[in-house]
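Work through the exercises below with the model open. Each task is followed by a solution in steps.

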Amino acid sequence: MDTSFQQITVDPTLAEMGKNLNEAMRILEDGHRESEEQWRHSRKDIPGPLQGSGQDVAHILQLVQNLMHGDENEDSQSHRRMQNVGEQGHMALLGHSLAAYISVLDKERLRKLTTRILSDTTLWLCRLFRYENGSACYHEDDREGLLKVCRLVIHSHFDDYSTEGFNVLYNKQPVIYQSTACRSGLGQHLCNQLGLPFSSLCTVPCNTMFGSQHQMDVALLDRLIKDDVDSGKLPLLLIANAGTPAAGHTDKLGRLKELCAQYSMWLHVEGVNLATLALAYVKSSVMAATKCDSMTLTLGPWLGLPAVPAVTLYRHEDPALTLAAGLTSSQPVEKLRALPLWLSLQYLGHDGIVERIRHASQLSQRLLDHLTKQTAITTAVEDDLNSPVVVFRFAQTNANLAESGGPLETPPSNDREIQDTLNRWLGEQLALLVPASGVDIVNLEDEGSCVRFSPLMTSAVLGTKDEDVDALAERLQEKIPVLISTLQLREVFRKEVRRTAALTYIEDLSWPGLGTVRYEMSSDEPDENKRQAELEKISSMLLKKLKELDSDLTFSTGPEFGPEKNCLYIGMATEDLDVAELVEMIAAIGREIEENSRLLENMTEVVRKGILEAELQLQKATEEKLLEEGVLRQLPVVGSVLNWFSPVQSLVKGRTFNLTAGSVDSTEPTYSMKAQSTGGSLPPTPTSARTKHRIPGQKLFRRSLFSSDCVSETSSVGQVEELEKEERRETALEGRETEVQKEPEPKAEQRGETPGEGEQEGKRELEVEGRETENPYILR
């Protein structure tokens with residue numbers, strides 16, 4: 001852009017403004033940050049006094065950069081969007097600076113300039129989106145255009161509304177119609193801004209028996225309008241969708257337009273599918289939107305333009321009413337809202353605008369092609385071949401269960417909730433693994449939780465490419481086996497836990513994983529508070545030990561504010577998971593922790609009693625010493641003289657405290673023996689029979705996957721047979737080793753020795769073995 005300024009002769013002020021904006025954007029988008037010491041002294045979160053002498057532009061921009069990029073870890077998504085602004089984004093931002101500069105021109109120059117900007121932008125948009133003879137209203141809030149259209153319609157139906165106000169609405173209450181698929185809160189916002197009661201808002205259900213489940217029921221709408229007319233109300237306006245906010249479905253706009261013409265209603269259309277009107281080929285269902293009375297376009301996300309206004313195109317011939325409704329303004333400064341869009345549209349050009357919209361549509365088609373190859377994925381779009389919004393979800397079917405080798409059982413009654421939970425997990429994982437795809441989670445009334453891919457709203461901002469869609473499909477394919485196996489093993493896990501005495505199964509349908517379990521103590525502590533404290537301690541130690549194991553499973557405490565406490569939440573599972581071994585290990589480790597905890601508690605009491613007994617024995621030993629040596633020997637000076645003339649051979653009797661036995665013993669055996677065996681040791685970490693037969697390098701709780709002609713992976717009988725085969729192989733090996741050891745030794749003559757020498761050596765070996773048997777501690 002600097003080169004363009006140098007080649008073309010422009011106003012020096014405008015050239016300087018462009019250079020300053022480029023320099024400012026370069027500084028703000030620079031990833032370099034201050035050092036930690038400087039950042040700490042900047043006090044970014046503490047408001048300070050205004051500097052008396054002021055600061056230069058560089059310091060102010062540095063402060064703005066720190067505020068923008070200081071919390072990149074917390075707001076990485078917004079930082080990523082800033083990195084994809086591009087040159088067209090700079091043009092939009094330049095428009096805001098130019099609008100402030102142009103506003104200081106004299107009135108006549110300002111009027112001519114704003115008129116040209118407004119007329120050019122309106123003409124370009126009407127031609128791009130096939131909206132003939134239309135006018136445009138530019139507004140920051142995308143709901144503001146519809147609000148002004150409602151005021152226009154009220155003014156058109158009530159001649160005295162400008163003078164009488166709401167009194168003219170008393171006898172004939174206006175009604176605004178919308179479908180249940182409209183964005184939430186839109187109708188309530190209109191009623192609040194217009195001062196209408198909520199009874200003026202009529203929500204029309206979508207088709208429930210015939211047609212799409214996300215399109216407005218036209219027949220039911222017709223009956224509702226007739227009922228309102230018969231009750232003395234005035235049908236005012238109908239809000240239709242060309243791309244619902246959730247799933248991108250389009251209403252039957254042609255039939256709705258006919259119905260609105262019959263009752264003299266205003267038809268307003270909004271939705272993401274309106275962007276496809278700029279393409280060469282447009283679906284007939286979307287093309288019908290060009291005949292509506294008004295439509296709202298959100299060009300910012302469609303084209304990746306920051307801070308550009310939304311546009312509402314409308315048709316009306318009375319300029320006085322449009323002025324009264326606020327759709328037009330007599331203030332030239334208000335018309336400068338179109339300047340950022342005027343600059344951006346010229347920068348992109350017609351071909352650039354169409355190419356961006358076409359690219360987003362092709363991304364949707366590319367993902368649909370990948371999804372058709374996935375048997376466990378279902379789509380929730382009305383037209384798979386032409387929908388710019390792709391909504392899909394993981395669904396358990398007999399087909400994918402058969403492919404995975406699982407049992408074809410009837411899904412439980414809570415299958416819908418479990419699958420919604422797994423789909424929410426799937427959406428979160430895909431958004432995390434492929435952030436450039438822009439996928440998010442949406443809840444549909446009939447389908448439930450789904451993953452939505454809407455490139456028309458995200459690709460221009462995030463810079464989504466074909467490679468990102470391919471990566472999204474690959475990550476999805478990787479997650480499907482995990483979803484299938486987890487859904488299949490949840491029931492197996494529940495049964496295994498319920499047949500284990502020390503564990504309790506916790507039903508938590510909102511947890512995306514294998515399941516939830518709680519270890520139950522065998523203690524009969526009457527105090528509930530102490531019992532809960534002890535259970536919390538055991539659960540914490542159990543979780544710590546399980547995390548230290550060499551396994552691929554994830555263990556956690558679950559949601560922070562969950563209803564269940566002291567529970568162990570197990571994450572997603574793969575098909576080779578040995579559920580029985582997992583449950584057995586959890587119970588064994590829990591029992592070990594509880595036994596060790598109880599041992600420590602008992603040891604405290606044992607130590608206390610041992611100390612008392614040791615004190616009594618020490619007191620008794622002192623009394624015996626006094627009787628044995630006499631009173632004189634206890635005096636400091638006399639005792640020393642007596643001991644010098646007549647030494648006393650007194651044997652010191654030491655004591656030792658045996659923690660295992662809980663008794664105070666003499667230390668004499670310690671001095672008489674060179675080695676002393678310990679009384680006991682803590683039990684080792686428990687292991688199961690399945691763990692001992694692991695292949696080297698194999699993770700815990702994993703079965704070896706065999707060929708298809710072997711037994712089922714989920715069959716416990718097959719696992720037992722494999723273990724028995726392994727044991728038989730080990731026994732055979734041991735038998736062959738025993739036979740080798742029992743082979744007869746060669747005679748002395750064969751070894752080159754004399755018979756006498758062999759017998760004498762044998763006698764010496766027997767004598768040594770005999771001495772070792774008599775006193776094993778001496779020679780060992």
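**Exercise 1.** In this predicted model, determine whether Glu520 is buried, partly exposed or exposed, and find how its side chain meets that of Arg518.

Solution.
- Step 1: The relative accessibility of Glu520 is 24%.
- Step 2: Buried requires a value under 20%, and exposed a value over 50%; Glu520 therefore counts as partly exposed.
- Step 3: Arg518 has a relative accessible area of 17%, so this residue is buried.
- Step 4: The two side chains, Arg518 and Glu520, form a salt bridge with an N to O distance of 3.2 Å.

**Exercise 2.** Describe the salt bridge between Glu270 and Arg183, and say which parts of the chain the pair ties together.

Solution.
- Step 1: The N to O distance between the side chains of Glu270 and Arg183 is 3.3 Å, and the cut-off for a salt bridge is 4 Å.
- Step 2: Glu270 belongs to strand S5 (residues 266-270), while Arg183 sits in the loop between strand S2 (174-179) and helix H10 (186-194), so the bridge ties together parts that are 87 residues apart in sequence.
- Step 3: Glu270 is buried, at 7% relative accessible area, whereas Arg183 is partly exposed at 24%.
- Step 4: Arg183 and Glu270 are also linked with Asp142 in a network of salt bridges.
- Step 5: Over the whole structure, the search finds 19 salt bridges.

**Exercise 3.** Place the salt bridge of Asp293 and Lys257 in the secondary structure.

Solution.
- Step 1: The side chains of Asp293 and Lys257 meet at 3.4 Å, N to O.
- Step 2: Lys257 lies in helix H12 (residues 253-262) and Asp293 in the loop between helix H13 (284-287) and strand S6 (294-297), so parts 36 residues apart in sequence are tied together.
- Step 3: Asp293, with a relative accessible area of 17%, is buried; Lys257, with 23%, is partly exposed.

**Exercise 4.** Helix H12 also packs against helix H11. Classify the packing of H11 and H12 by angle and handedness, and list the residues that meet.

Solution.
- Step 1: The axes of H11 (residues 218-230) and H12 are 11 Å apart, at an angle of about 15 degrees.
- Step 2: An angle under 35 degrees counts as roughly parallel, so H11 and H12 are roughly parallel to each other.
- Step 3: The crossing of H11 and H12 is right-handed.
- Step 4: From H11, Val218, Leu221, Asp222 and Ile225 meet Arg255, Leu256 and Leu259 of H12.
- Step 5: By type, the residues of this contact are 5 nonpolar, no polar and 2 charged.

**Exercise 5.** Repeat the analysis for helices H17 and H21.

Solution.
- Step 1: H17 covers residues 339-371 and H21 residues 466-498; their axes come within 10 Å and cross at roughly 25 degrees.
- Step 2: H17 and H21 are therefore roughly parallel, and their crossing is right-handed.
- Step 3: H17 contributes His359, Leu363, Arg366, Leu367, His370 and Leu371, and H21 contributes Asp466, Val469, Asp470, Leu472, Ala473 and Leu476.
- Step 4: The residues of the contact of H17 with H21 comprise 7 nonpolar, 2 polar and 3 charged.

**Exercise 6.** How many helices and strands does the protein have, and what share of its residues is buried?

Solution.
- Step 1: There are 30 helices and 17 strands.
- Step 2: Of the 780 residues, 40% are buried.
- Step 3: Among contacts between residues at least 6 apart in sequence, 70% join residues at least 24 apart.

Key: Residues numbered from 1 in each chain as written. Predicted model: local features only at pLDDT ≥ 70, side-chain atom pairs only at ≥ 80, totals over all residues. Heavy atoms only, no water. Helix = DSSP H or I, 4+ residues; strand = E, 2+ residues; numbered from the N terminus. Buried < 20%, exposed > 50% of the residue type's maximum accessible area, 1.4 Å probe, protein only. Axes fitted to C-alpha atoms, helices over the stretch in contact; angles between N-to-C directions. Parallel < 35°, antiparallel > 145°, perpendicular 65-115°, else oblique. Left-handed = near helix turned anticlockwise from the far one by under 90°. Contact = heavy atoms within 4.5 Å. Nonpolar A, V, L, I, M, F, W, Y, C, P; charged D, E, K, R; others polar.
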